[in-house]
Amino acid sequence: MSEALTPVGVFGGTFNPVHYGHLRSALELTERLELDHLRLMPCATPPHREVPLCDARQRAEMVELAVRDEPQLRCDTRELDREGVSYTILSLEELRLELGAGHSLCLVMGCDALLKLDSWHRWEELLTVAHIVVIARPGWHFPDTGQVADWLASHHTSDRQILNTRAFGSVLIEELRPLAISSTEIRELLQSGRSVRYLLPEPVLDYIESRQLYQ
Ligand code: ATP
């Protein structure tokens with residue numbers, strides 16, 4: 001395999017807060033797809049949802065704490081350093097410039113994100129910059145009609161080797177260990193004064209408690 005094609009992954013999200021569902025999926029994908037590394041990339045101003053309760057810098061600090069001891073996972077803070085709405089296509093274009101034209105790059109998303117993909121800014125250009133890896137999450141289904149379904153039918157492949165032979169352009173679907181954890185549920189537990197221990201890493205829990213976040 002050429003060095004330049006060892007794929008780099010980028011996993012975008014709000015991470016409000018980051019939890020073991022994100023982290024375990026990130027690690028399993030990194031191993032399964034033999035990624036060079038995977039970057040968890042918190043968005044600053046999400047285009048499709050309300051501005052999160054917790055500020056972007058704090059969400060990124062929690063991601064940094066969560067990946068601190070795992071060399072294959074990194075926190076990428078580029079969306080915090082950029083003005084305006086956090087459009088994924090802009091981050092991918094920046095990464096493409098940094099990695100070079102021939103380097104394999106893949107964007108990771110859950111299938112909840114896939115269902116709304118056609119509402120993303122310049123969504124049809126995403127595959128001109130990166131591959132997309134969709135995590136099949138429990139309880140979610142894939143679109144069977146509409147623009148995203150047609151797009152999926154033309155770009156989906158089950159051949160993982162594509163990540164090592166082409167730099168962008170294909171969609172893979174990966175089933176991982178299902179962990180039914182969501183940030184929404186964590187925020188709700190915290191708001192109602194209940195424990196979130198064992199749903200997220202201990203240093204992230206300490207960070208939340210010391211700053212009394214989500215209360
Ligand atoms: P919220 O409950 O606030 O919507 P979330 O837990 O879904 O948050 P996000 O930060 O919105 O987390 O998600 C970032 C990405 O991680 C999304 O693509 C989402 O599909 C994926 N993801 C979230 N939770 C899990 C999980 N338990 N297992 C696998 N992927 C997940």
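**View 1. The buried aspartate D76 in the loop between β3 and α3**. In this predicted model, D76 has a relative accessibility of 7% and therefore counts as buried, the cut-off for that class being under 20%. The residue sits in the loop that joins β3 (73-75) to α3 (78-81). When residues up to four places away in sequence are not counted, D76 touches R39, L40, M41, P42 and L95. A further pair that can be shown here is D76 and C43, which are 33 residues apart along the chain and whose C-alpha atoms are separated by 9.6 Å.

**View 2. F11 and the largest nonpolar core**. This core has 41 residues, and those that touch the most other members are F11, V18, L40, M62 and I208. Helix α2 supplies the largest share of the core, with 6 residues. The surroundings of F11, leaving aside its neighbours within four places in sequence, consist of contacts with H22, A26, L38, R39, L40, M41, V108 and I135. A second core, separate from this one, has 25 residues, including I89, L117, W120 and V171. In soluble globular proteins, nonpolar side chains tend to be buried together.

**View 3. Helix α1 and the residue that follows it**. Helix α1 covers residues 20-32, and because each residue is expected to add 1.5 Å, its 13 residues should span 18 Å, in agreement with the 18 Å that separates its end C-alpha atoms. The buried residues of α1 are G21, H22, L23, S25, A26, L27, E28, L29 and T30. Two of these, H22 and A26, are also in contact with F11. An α-helix has 3.6 residues a turn, so residues three or four places apart point the same way. Just after α1, E34 adopts a positive phi of about 50°.

**View 4. The second largest pocket and its lining**. The space in this pocket amounts to about 190 Å³. Its lining is made up of 13 residues, of which Y20, L23, A66, E70 and P201 are the closest to the pocket centre. Two elements, α1 and α2 (56-67), each give two or more residues to the lining, and α1 gives the most, with 4 residues. By residue class, the lining of the second largest pocket divides into 9 nonpolar and 4 charged residues, with no polar ones. L23, one of the residues closest to the pocket centre, is also among the buried residues of α1.

Technical notes: Residues numbered from 1 in each chain as written. Predicted model: local features only at pLDDT ≥ 70, side-chain atom pairs only at ≥ 80, totals over all residues. Heavy atoms only, no water. Expected span 1.5 Å × (residues − 1). Buried < 20%, exposed > 50% of the residue type's maximum accessible area, 1.4 Å probe, protein only. 1 Å grid on protein atoms, 1.4 Å probe; cavity = no way out; pocket = protein on both sides within 12 Å on 5 of 7 lines; lining within 4 Å. Points joined across faces, edges and corners; volume = space filled by probe spheres on them. Nonpolar A, V, L, I, M, F, W, Y, C, P; charged D, E, K, R; others polar. Core = buried A, V, L, I, M, F, W, Y, C linked by side-chain atoms within 4.5 Å. Contact = heavy atoms within 4.5 Å.
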